[in-house]
Amino acid sequence: MPANLTDLLTSGSVPLYLAPQAGVSESPFRRLCREYGADVVVSEFVSAEGIRRHDRRTHGYLRFHDDERPIGIQIFGSEPEAMAEAARLVEEVYEPDFLDINFGCPVKKVVSRNGGSGCLRDLDLVQSIIRQVKAAISIPTTVKIRSGFTEETRRPVEIALRCQDAGAVALTLHARTRTQMYSGTANWDEIAAVKAALDIPVIGNGDVFRGEDAARMHAHTGCDAIMIARGSHGAPWLFRQARAALQGVPIPPDPDPAERFRIVIEHARLAIAWEADEEKAMIEFRKHLGWYTKGLPNGRLLRQELFEVRRLEDAERLLEGYLAEYEGAPA
C-alpha cells in the first residue's frame, strides 16, 4: 500500500473507504472492515467543541488502533477558529493519517447549530473553515460534502470547486442534498461532474449496497475512490465483494449463517475488549445484531431475542440455537 493518502488516492487502485457513521464506525467495526478489505477508514464524526473542551466522551471517539491505518478523524463545527484548534489537538494527541471535515451530516441537531451540511448554506464559511484547519495542521485536510442543502441550492460542482480552492486535498461527495436525508437515489451524474471539474481526488459516496454497485459507480463516474456507508451495516464482507467487482473477478457470495455468526461473535468480542464493560458493550452492540441477522429465515423472532442480550454468552447461545433449528432452511 502506498505510504500516504495522496499516493493511495492517485495510485489508480480505487481505494475503498468505510464512511464516518455515528454509532457505527467505531473502532471494532473499523478493524473488522479493514480485515475484509476496506483500504481507508474514518472515525465517527466528532464535535470540535467537545474536543476543545476536553469532553471525556468526545475524546473516546478519537481513539484507534494502529492496525486501522490509514485512518482519518472527521470533525464538525461551524466556527473556523474552533475547528482549527480542534484539528490541531487531534493531530498532536492522536496522530491520524488525515483530518476530514464534515460538511455532509443532515441530522437536525447538528444542522441547527450550522454544523455538518448546515455549513453548505454559506460557502464563504465553508472555505474559511477549510483554510483555517489546513493552516493549523501538517497532515492532509480532506472534506465530505453533499450536493447542496436543498434542491434549489443543489450545486455540487460549485461547492466542490470552492473546497478545492480553499485547500482540500481530496473531496468526498455524497450525491444527495441535505433535505433528501437518505431517501431517493444518489445522483451519480453529479459525482462524475465533480470528478471532471476538480484536480484533486474525488471519492464517490451513495447507494453502494452490493459489490456490483461499486463497479458501476466507478464506471459511471470515474471517481478515484469509493466510500461505503449503510451498505456495510451487518456486512463487512461487502468490501471484499466490491474489490472483486472492481477487479472483474468472481464476486464472493454472502457468507452462510454459520460463517455470518462467526463474524458476529468476532465483532462482539472486539467491541467488548474496546469498551471494557461487557454489559454496556453488548447493549450498544444490539443494533449490529439486528443488521447481521437481517434476511435470515425467521430472523424477526431471533432479533427480538437478541435485542434483550446483555452478555456475549447469551448471544452465542441464541445464535447456536438458531443454527441448530434453521440451518439449511430456505431464505
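These legends describe close-up views of one predicted model.

Residues are numbered from 1 along each chain as its sequence is written. Because the model is predicted, local features need pLDDT of at least 70 and side-chain atom pairs count only at pLDDT 80 or more, while totals for chains, interfaces and linings use all residues, and side-chain values use heavy atoms, with hydrogens and water left out.

**View 1. Ser 232 sits in a loop between a strand and a helix.** The loop runs between strand S9 (225-228) and helix H11 (238-247). Helices (H or I, at least four residues) and strands (E, at least two) are DSSP runs, numbered from the N terminus. Ser 232 counts as buried, at 0% relative accessibility. Buried means under 20% relative accessible area, exposed over 50%, and partly exposed in between (1.4 Å probe, protein chains only). The side chain of Ser 232 reaches the backbone oxygen of Ala 229 at 2.6 Å. Leaving aside residues up to four places away in sequence, Ser 232 touches Leu 18, Gln 21, Phe 29, Leu 238 and Phe 239. A contact here means heavy atoms within 4.5 Å.

**View 2. Trp 237 and Tyr 292 form a tilted ring pair.** The whole structure holds 4 aromatic pairs. Rings of Phe, Tyr and Trp (its six-membered ring) pair if their centres lie within 6.5 Å; planes under 30 degrees apart count as stacked, over 60 as edge-to-face and the rest as tilted. In this pair the centres are 6.3 Å apart and the planes stand at 45°, so it is tilted. Trp 237 lies in the loop between S9 and H11, and Tyr 292 in helix H13 (residues 278-292), so the pair ties together parts 55 residues apart in sequence. Trp 237 is buried, with a relative accessible area of 7%. Tyr 292 is buried too, at 0%.

**View 3. Phe 261 and Tyr 322 meet edge-to-face.** Their ring centres are 5.8 Å apart, with 65° between the planes. Phe 261 belongs to helix H12 (residues 257-275) and Tyr 322 to helix H15 (residues 312-326). The pair links distant parts of the chain, 61 residues apart. Both residues are buried.

**View 4. Leu 302 touches both rings of that pair, Phe 261 and Tyr 322.** Leu 302 lies in helix H14 (residues 299-306). This leucine is buried, with a relative accessible area of 3%. Its other contacts, not counting residues up to four places away in sequence, are Thr 293, Leu 318 and Leu 319. The C-alpha atoms of Leu 302 and Gly 321 are separated by 9.7 Å, with their positions 19 residues apart along the chain.

**View 5. Asp 165 and Arg 131 join two helices by a salt bridge.** A salt bridge is a side-chain nitrogen of Lys or Arg within 4 Å of a carboxyl oxygen of Asp or Glu. A search of the whole structure finds 25 of them. Here the N to O distance is 3.1 Å. Asp 165 lies in helix H8 (residues 156-166) and Arg 131 in helix H7 (residues 123-136), so the pair ties together parts 34 residues apart in sequence. Asp 165 is exposed, at 55%. Arg 131 is partly exposed, at 40%.

**View 6. Glu 266 and Arg 262 pair within helix H12.** Their closest N and O atoms are 3.5 Å apart in this salt bridge. The two residues are 4 residues apart, about one turn of the helix. Arg 262 is partly exposed, at 39% relative accessibility.

Conventions
Polar contact = N/O pair within 3.5 Å; in protein donor to acceptor, adjacent residues only side chain to side chain.
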